[in-house]
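Welcome! Let us take a friendly walk through the spaces inside this protein and see what surrounds them.

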Amino acid sequence: MTDAYVALEGDRVIEARARAPGTARGEVVFTTAYTGYEESLTDPSYEEQVLTFSYPLIGNYGVREERFESDRVHPRAAVAREMTDDVAEWLESEGVPAVDHLDTRDIVTEIRDEGAMKCGIAAGPDVTKQDALDELHQCKHMSDHTDIGAQVSVDDVEVHNEDGDGATVALVDCGAKGSIIESLVERDAAVHVFPYDASEDDVAAVDPDLLFISNGPGDPQNFEQAGELVETYVGDVPLAGICLGQQVVANALGGETEKMEFGHRGVNQPVRDLRTNQVVMTTQNHGYTVAEPGDKLDVTQVNVNDDTPEGLENDDLDIITRQYHPEANPGPHDSLGFFDDVLGMAGE
Ligand SMILES: NC(=O)CC[C@H](N)C(=O)O
């Protein structure tokens, strides 16, 4: 039964089945991950996007809050070949439209050929094709969501493991996944989570051993204040970043970022370390990349598929960043050592 529509750029409309009602718009992207739907759906980096799962069955091991990466669902809508009732009911309770019973291979092929694109969704008994097209026509480019940080960051400073014996970490929350904070706390760090627009004075008040820029949604150029913190602290305090964090650090230190055609989203992205030649499997979710690292950062790791920079470092200035997600939720644990390395820079 057709009671849902997915409208893609060029006004192409695909018919589907409604699993959670509503209308929505966002940049449509796909993940090839075959597990981890709870983590992906609660990853703040998917804010303002419509998430299509290329794996055909989503929900086959239920929905458990322990696996959530934040306190809400972030994609504007979810698209799957087949979605279980567990997932559909969860998305409905969150007010996030969801559709299934469509050929997701078709959407993935279209995105691979044409690039990530705008999308409109309409789902439910009373919706029409035109509703999906109206959403599409109101959809903005990711880069035009200039204050997206405000949608995903903490409003006030939050402290985790205040009495921890390890490093004092100032983590700039551009939309941080919970497991990044957990990975630091597990290693005894006291983690002060700052709003995405925190000032130099705010951060200075905790006298950090490490400045850590988190992952986050949208265009890294829309996180200027985090970049200013990097410029302020470089050379004085060790710097670390994950995903958007790598991009913000590169932009702040003379590098450049650009939008990729359709990005990397999945749990089996191979990354090669240029110093050891070792390849690790990684979890990824990004649509922008570092195009030029600038003269302060060396590219130390690259993606095996397309050679894009996956790791940037400077030993003298104590900087380590990763484009992928070493916290590995979901995904292979190959790169968890990143947290030991960055806390090592902080003297632990
Ligand atoms: N996971 C992330 O931090 C994503 C970074 C950035 N929003 C991108 O799409 O490239």
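The ligand occupies the largest cavity of this predicted model. Helix 9 (244–252) and strand 16 (279–292) are the elements that each give two or more residues to the shell around the ligand. Strand 16 provides the largest share of that shell, with four residues.

Who are the neighbours? The shell counts 13 residues, and those that come nearest to the ligand are Gly-216, Gly-218, Asn-285, Gly-287 and Tyr-288. Sorted by class, the shell has nine polar residues, four nonpolar ones and no charged ones.

Three of these neighbours place a polar backbone atom by the ligand, as the table shows.

| Residue (backbone atom) | Ligand atom | Distance |
|---|---|---|
| Gly-216 (N or O) | nitrogen | 2.8 Å |
| Gly-218 (polar) | nitrogen | 2.7 Å |
| Tyr-288 (N or O) | oxygen | 2.8 Å |

How much of the ligand does the protein cover? On its own, the ligand has 290 Å² of accessible area, and the protein covers 98% of it.

Now for the largest pocket, which holds about 340 Å³ of space. Its lining is made up of 17 residues, with Ser-70, Val-154, Glu-158, Asp-173 and Ala-176 lying nearest the centre. At least two lining residues come from each of helix 5 (148–152), strand 10 (158–160) and helix 6 (178–185). The lining of this pocket divides into six nonpolar, six polar and five charged residues, whereas the shell around the ligand has no charged residues.

Definitions and conventions
Residues numbered from 1 in each chain as written. Predicted model: local features only at pLDDT ≥ 70, side-chain atom pairs only at ≥ 80, totals over all residues. Heavy atoms only, no water. Near = heavy atom within 4 Å. Polar contact = N/O pair within 3.5 Å; in protein donor to acceptor, adjacent residues only side chain to side chain. Areas by Shrake-Rupley, 256 points an atom, 1.4 Å probe, with all protein chains shown as cover. 1 Å grid on protein atoms, 1.4 Å probe; cavity = no way out; pocket = protein on both sides within 12 Å on 5 of 7 lines; lining within 4 Å. Sits in = over half its atoms within 2 Å of the grid points. Nonpolar A, V, L, I, M, F, W, Y, C, P; charged D, E, K, R; others polar. Points joined across faces, edges and corners; volume = space filled by probe spheres on them.
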